[in-house]
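Here are some comments for your reading of this model, set out as numbered points. Please keep the structure open beside the text as you go through them.

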Amino acid sequence: MRISIDTDRCIGSAQCVVAVPAVFEQDDDGLSTVIAGREDGAGQPLVREAARACPVQAITLTESDRT
């Protein structure tokens, strides 16, 4: 899985930060970002819930193809 945040869409509600503080944080402008090195979700089970909870759908989860 790969996590990305559309910063043009993000409104800084911080729902993702509250749900998974080991993966998400807020930058100096109050917008959510993925913590460097945690773009894969760091094995956190609530990442999908954080994406669903985003009020503006700014979080995208992309499944990686493992063959």
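1. In strand β4, the residue that serves as bridge partner of I3 is L61. This contact belongs to a wider pairing, since β1 and β4 (residues 59-62) run in the antiparallel sense and are joined over 4 bridges. Please bear in mind that the model is predicted.

2. Strand β1 covers residues 2-5, and its side chains alternate, with I3 and I5 pointing to one face, where they are buried, while R2 and S4 point to the other face and are not buried. In a regular strand, side chains alternate between the two faces of the sheet in this way.

3. Which residues lie nearest the centre of the largest cavity? They are C10, S13, C16, S32 and C54, out of 13 residues that line the largest cavity. The space inside the largest cavity is about 80 Å³, and the count of cavities of 30 Å³ or more comes to 1. Sorted by class, the lining has 9 nonpolar and 4 polar residues, but no charged ones.

4. Although cysteines appear in that lining, the structure holds 0 disulfides. For C10, which is in no disulfide, the nearest cysteine sulfur is that of C54, 6.4 Å away, and for C16, likewise in no disulfide, the nearest is that of C10, at 6.5 Å; a disulfide would require the two sulfur atoms to be within 2.5 Å.

5. Are C10 and C16 buried or exposed? C10 counts as buried because its relative accessibility is 12%, and C16 counts as buried because its relative accessibility is 6%, the cut-off for buried being under 20%.

Technical notes. Residues numbered from 1 in each chain as written. Predicted model: local features only at pLDDT ≥ 70, side-chain atom pairs only at ≥ 80, totals over all residues. Heavy atoms only, no water. 1 Å grid on protein atoms, 1.4 Å probe; cavity = no way out; pocket = protein on both sides within 12 Å on 5 of 7 lines; lining within 4 Å. Points joined across faces, edges and corners; volume = space filled by probe spheres on them. Nonpolar A, V, L, I, M, F, W, Y, C, P; charged D, E, K, R; others polar. Buried < 20%, exposed > 50% of the residue type's maximum accessible area, 1.4 Å probe, protein only. Helix = DSSP H or I, 4+ residues; strand = E, 2+ residues; numbered from the N terminus. Pairing = 2+ DSSP bridges.
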